[in-house]
Amino acid sequence: MAMALIPVASAADLERQAKERSEELQQETYIIELAAHARTRWEVAKRGKSDLEERMLQCVRQRNGDYDPDVESEIASQGGSGIFVQLTSVKCRAATSWLRDTLLGSGSDKPWSMDSSPIPELPEEITQGLEAKLTEELMQAMQATGAMPTEEDLESIAKKMQDEAMELNREEAEKRVDRMERKMEDQLLEGGWYEALNEFIEDIVTFPYAVLKGPVKRRRKVMKWEDNKLVPTDVIRNEWERVDPFNLYWAPWAWDVNDGFVIERHRMTADSLQSLIGVPGYNEDAIRTVLSEFTSGGLDEWLWLDSARATAEGKQTSEAVNTTDLIDAIQLWDSISGKTLVEWGVPEEDIEDQSLNYPCEVWLIGTTVIRAVLNYDPLGRKPYYLTSYEAKPGSVAGKGVGDLCRD
């Protein structure tokens with residue numbers, strides 16, 4: 001009987017080991033406090049958005065040609081007609097068409113471009129080259145005259161060199177901008193930016209606001225050439241997506257998404273959660289634990305809104321809400337004091353001043369934290385871009401076409 005020289009762990013053993021490591025981590029005091037903080041923010045955000053959610057449901061019914069339940073009941077009690085004149089739908093389609101023509105164009109048109117600054121900064125290699133050329137011209141002038149150039153000669157040479165430098169710098173800047181523009185267009189195309197923008201346009205005419213998100217790092221399988229054949233390969237790439245307006249929450253006191261905490265509620269399939277394994281910043285053991293618990297249920301954040309929305313959209317309420325195919329995750333973007341972050345386990349060398357606040361990102365599923373990192377954006381911005389068809393100063397949400405058409 002052959003004996004295995006290398007011990008091989010079964011899938012069940014690997015799953016059990018990952019779960020044990022995850023449970024040990026989740027019992028750490030700082031993780032428990034972090035989860036409690038995210039849960040508190042979630043409750044505050046839900047309460048703060050309740051009135052706006054009612055208005056958003058009105059927008060859905062209005063565009064679909066349905067009366068609000070209270071209005072429908074009142075009409076029925078008076079024996080009135082239930083016919084809904086769908087003027088809002090007509091206005092929304094017209095606005096969508098105008099925006100698509102303007103923003104998406106046709107053919108090779110794109111809704112953005114890049115240009116260099118009128119006075120671009122000189123790259124170091126060009127500056128060094130110009131200094132060497134100026135020295136060479138001074139030496140040539142001294143050899144030709146046998147004397148040191150006068151102040152007037154030096155000033156003339158300096159002005160000439162400045163003009164040459166400006167022209168060379170402008171040409172170099174245009175070349176670099178052209179290369180960067182092509183690279184960005186390729187990234188946007190592969191990252192789904194145009195599809196996200198198309199969906200964003202539908203939202204902006206329907207709801208009080210619409211949201212684009214990106215870049216978001218995702219692990220995807222793509223086909224790549226290796227040894228003259230196409231093979232599936234895992235890559236991590238930047239992607240852009242439309243965020244469902246119903247799933248974005250913010251601090252009740254904020255007037256902009258970057259002025260307070262923001263929470264995105266994710267309704268994820270097992271496959272989409274699995275795609276986060278291997279992405280920097282996500283805890284693989286915690287994700288595997290969530291996936292193993294997924295079939296037992298209890299990983300959803302059911303809201304009254306889910307049922308009301310399913311009804312407004314004409315879906316079967318029980319199938320749309322009571323499903324075991326989705327996992328609910330809360331993604332919190334918040335600013336937290338450096339002292340608190342150090343207490344929660346962030347290395348002290350990553351916190352320059354513990355008295356200051358630092359932007360962070362936390363993912364919570366049930367009671368399990370699967371990600372807790374400092375915000376990767378160098379300026380601390382959140383990856384959400386939100387606007388309204390008609391903006392309202394001092395408020396995150398404005399008005400959509402449905403709001404403007406409402407009685």
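What span should the 15 residues of H3 have at 1.5 Å a residue, and how far apart are its end C-alpha atoms? In this predicted model, the expected span of H3 is 21 Å and its end C-alpha atoms lie 22 Å apart, which agrees. Buried positions in H3 are Leu52, Glu53, Met56, Leu57, Cys59, Val60, Arg61, Gln62 and Arg63. After H3 comes Gly65, which has a positive phi, near 85 degrees. Helix H7, residues 151-190, was treated in the same way: its 40 residues reach 57 Å from the first C-alpha to the last, close to the 58 Å expected at 1.5 Å a residue. Ile157, Met161, Ala165, Asn169, Ala173, Val177, Glu181 and Leu188 are buried in H7. H7 is likewise followed by a glycine with positive phi, Gly192, near 75 degrees.

The protein contains 14 helices and eight strands. Of its 407 residues, 37% count as buried. Among contacts between residues at least 6 apart in sequence, 69% join residues at least 24 apart. The exposed area is about 24400 Å², of which carbon and sulfur atoms supply 52%.

The largest nonpolar core comprises 37 residues, and Trp250 and Ile263 have the most contacts inside it. At least two residues of this core come from each of helix H2 (29-48), helix H3 (50-64), strand E3 (248-250), strand E4 (262-268), helix H11 (304-312), strand E5 (327-337) and strand E6 (357-365). H2 gives the most, with six residues. Beyond residues up to four places away in sequence, Ile263 touches Arg41, Trp42, Ala45, Asn247, Leu248, Tyr249, Ile330, Gln331 and Leu332. A second, separate core has 17 residues, including Ile204, Val205, Trp240 and Val401.

The structure holds 15 salt bridges. In one of them, the side chains of Asp403 and Arg55 meet at 3.2 Å, N to O. Asp403 belongs to helix H14 and Arg55 to helix H3, so this pair ties together parts that are 348 residues apart in sequence. Asp403 is buried, with a relative accessible area of 11%, whereas Arg55 is partly exposed at 26%. Another salt bridge pairs the side chains of Asp203 and Arg242 at 2.5 Å, N to O. Asp203 lies in helix H8 (residues 193-206) and Arg242 in strand E2 (residues 229-243), so the parts tied together are 39 residues apart in sequence. Asp203 is buried, with a relative accessible area of 5%, and Arg242 is partly exposed at 27%.

Glu361 forms a salt bridge with Arg371, with the closest N and O atoms 3.0 Å apart. Glu361 is located in strand E6 and Arg371 in strand E7 (residues 368-374), so the pair ties together parts that are ten residues apart in sequence. Both Glu361 and Arg371 are buried. In addition, Arg63, Arg100 and Glu202 are joined into one network by salt bridges that share partners.

Two loop residues were also examined. Ser275 is placed in the loop between helix H9 (270-274) and helix H10 (284-293). Ser275 has a relative accessible area of 9% and is therefore buried, the limit being under 20%. Outside its neighbours within four places in sequence, Ser275 is in contact with Arg218, Arg219 and Arg220. Tyr389 is found in the loop between strand E8 (384-387) and helix H14 (401-405). Tyr389 is partly exposed, with a relative accessible area of 37%. Together with Trp98 and Leu404, Tyr389 forms a nonpolar surface patch with about 340 Å² of accessible area.

Methods: Residues are numbered from 1 along each chain as its sequence is written. This is a predicted model: local features need pLDDT of at least 70, side-chain atom pairs count only at pLDDT 80 or more; totals for chains, interfaces and linings use all residues. Side-chain values use heavy atoms; hydrogens and water are left out. A nonpolar core is a set of buried Ala, Val, Leu, Ile, Met, Phe, Trp, Tyr and Cys residues joined through side-chain atoms within 4.5 Å. Buried means under 20% relative accessible area, exposed over 50%, partly exposed in between (1.4 Å probe, protein chains only). Helices (H or I, at least four residues) and strands (E, at least two) are DSSP runs, numbered from the N terminus. Contact means heavy atoms within 4.5 Å. The expected span of a helix is 1.5 Å times one less than its number of residues. Patches are made of residues with over 30% relative accessible area and no salt bridge: like charges are joined within 9 Å, nonpolar side chains (Val, Leu, Ile, Met, Phe, Trp, Tyr) within 5 Å. Accessible areas come from the Shrake-Rupley method with a 1.4 Å probe; for residues, only the protein chains shown count as cover. A salt bridge is a side-chain nitrogen of Lys or Arg within 4 Å of a carboxyl oxygen of Asp or Glu.
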